[in-house]
Amino acid sequence: MRLSKFEPRFAVNERERKTTSAMIASIAPDGVLTRNAPFGHTLARLARSRSEIVGLTADLGKYTDLHVFAQEHPDRFYQMGMAEQVLMSAAAGLAREGFKPFATTYAVFASRRAYDFICMAIAEENLDVKFVCALPGLTTGYGPSHQATEDIAIFRGMPNLTIIDPCDALDIEQATEAIADHKGPVYMRLLRGKVPVVLDDYDYRFQIGKARLLREGEDVLFISSGLMTMRVLEAAKAMEADRIGCAVLHVPTIKPLDTEAILSVARKPGRLVVVAENHTIIGGLGEGVAALLMREGVHPVFRQIGLPDEFLDAGALPTLHDRYGISTAEIVGRVRVWLQ
Amino acid sequence: MVDAASETEMPRAGSNVGLAERAYRIRRHAVRMGEVQGQGYVGQALGVADVLAVAYFHALRYRPEDTLWEERDRFLLSIGHYAIALYAALIEAGVLPEEELATYGTDDSRMPMSGMAAYTPGMEITGGSLGHGLGIAVGMCLGLKRKRSDSLVYNLLSDGELGEGSTWEAAMSAAHHRLDNLIAIVDFNNQQADGPSTAMLSSEPVTDKFEAFGWHAQRVDGNDIDAVREAFDCARSLKEPRPRMIICDTRMAKGVPFLESRDVTHFIRVEPHEWALALEALEQGRPL
């Protein structure tokens, strides 16, 4: 997708273009029901009755919604500065002393820069640290420095670690409570700012390690996590007009995978199985599901919707989501082709 | 320290004979463990034995029978390969039984070659990936302050480990958070895997660096027990709201002259017949 270096891509006055800053603070398009900072508000509320909860960040309190917690519980908030390695090590130390640390940064910095510190100081000793990280997958237009397109691939191989990829504000609120109750290390991908509310229409309840069938359909089975569940729900509605029935299995826990739920829906014959994830197609939910189906001898027609194995462009998110095939319109287009 | 009675029972000709005897015994345990493996980080253990003797028999508050006692001082070993030295100290402290040293580095032993928290009582953290201990210490110090505990956190690093950038993140953090309950110790033996530390990635002038980072820093001869004890006393009694650093210049394989003079001492090779000679050399240098 990248153009040759420094070649102008368009004439400056050609037409109005979307800007990178659009949707930086939030992935919610205009007009969608949202709730503000669901993670920060939930954590602040939980901390009122649970003195063991502490919060740490590496200069990204405002950008991970942890500022809400910090404002309400300033004595339990540790600003660690721009230092992700000591952020994770210190969280490990606080957990050793009996606290329940929530450490926040961007997903790129946790996965790429602090990996060894999460692995050896936290996961190897199964310590009770939650690291909650913003800008997962393609949720910023700032380019590869900020786009954590491979964070799940990096973390899936880490023993002891639970990995959560919530879909919307409701999912984040419930997941925050659930991981606070859970003993052990958890990585949660975070949608921040104004986060859409989608799952309240689906009688939904988050549980660690559980997938939920949100809707049934005879022709396509979407298996999805994170914000892609919003997108496949929209795609499913759009395809109703063509009398294409789409089932949606939401898999907010990437690890441990709910193998039972996935197998039971994937075994239903005659459906195209499409795994949709806000992540590179390498090493994420799609490959996890594929390996599971292979191991168990379940062989549906299988397709993946996810980000390509590339360093992605900078730009406005709607532009990039179309370009890399994770917008609702692109999903609908691809599935129609696959069904032909 | 809780186990103080035993120090006074040591034979003594001067004020620190007890500690010198402890250091001798720590060295002896380490050499015997080295013999089990036929090789190992005996050079480091011999070098740092005096520091560990002061730590475990003068400075630290702990209960040998209850290594998770809430009011203990925490001793974090960043440098996992120094486990042999810490096992020797823990044996001497009564945390581990002496006969268990025969299992050092063998399958299913509680005393693996690289120190891990899940294996060994008294091993607070899993070290070995260097550059982790000081950051974990920062978090533990913050946690202890939250609990209003007066326990101290000690972290033993090596000079080579100072090459890890994470150590300096932690050093900034400790000073920023005014962690006066943190005492870090660098075993400065000027050896690392590929050669002298100062020739690989020099941390000098190391005392100045830590002072510039906002620490109280001392540098002492780490094989001079009186000097080490005074440095620990100074670090513990200081009233300043700063983390404390003690740089200890030590000599690899200290106490066994024929090993001290060997060129490559990071991972020391000892011939089978030399273990007995090493124990004899230690015996000759044993304090009266």
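User: Hi! Before we start, what puts two residues in contact here?
Analyst: Two residues are in contact if their C-beta atoms, placed from the backbone, lie within 7 Å. This is a predicted model, where local features need pLDDT of at least 70, side-chain atom pairs count only at pLDDT 80 or more, and totals for chains, interfaces and linings use all residues. Residues are numbered from 1 along each chain as its sequence is written, and chains are lettered from A and ligands numbered from 1 in the order in which they are written.

User: Great. How many residues does each chain put into the contact?
Analyst: Chain A brings 20 residues and chain B brings 20 residues.

User: And which element of chain A gives the most?
Analyst: That's α3(A), with 9 residues. The elements giving two or more residues to this side are α3 (84–96) and α5 (115–123) of chain A. Helices (H or I, at least four residues) and strands (E, at least two) are DSSP runs, numbered from the N terminus.

User: What's the chemistry of that side of chain A?
Analyst: It divides into 12 nonpolar, 3 polar and 5 charged residues. Ala, Val, Leu, Ile, Met, Phe, Trp, Tyr, Cys and Pro count as nonpolar, Asp, Glu, Lys and Arg as charged, and the others, Gly among them, as polar.

User: Switching topic: how is chain A divided into domains?
Analyst: Into domain 1 (34–196) and domain 2 (209–339), with bounds from an automatic or database domain assignment. Their centres, taken over C-alpha atoms, are 25 Å apart. Across the boundary, 26 residues of domain 1 of chain A are in contact with 27 residues of domain 2 of chain A.

User: Nice. Any cis peptide bonds, and where are they?
Analyst: One joins A:K255 and A:P256, with omega about 0°; A:P256 lies in the loop between β12 (253–255) and α9 (259–266) of chain A. Another joins B:E204 and B:P205, with omega about -5°, and B:P205 sits in the loop between α7 (197–200) and α8 (206–212) of chain B.

User: What about A:D203: what is its phi, and is it buried or exposed?
Analyst: A:D203 has a positive phi of about 50° although it is not a glycine. A:D203 counts as exposed because it has 8 C-beta neighbours inside 10 Å. A residue is buried if 20 or more other C-beta atoms lie within 10 Å of its own, exposed if 12 or fewer, and partly exposed in between, with C-beta atoms placed from the backbone.

User: Last one: what share of chain B is buried?
Analyst: Buried residues make up 55% of its 288 residues.
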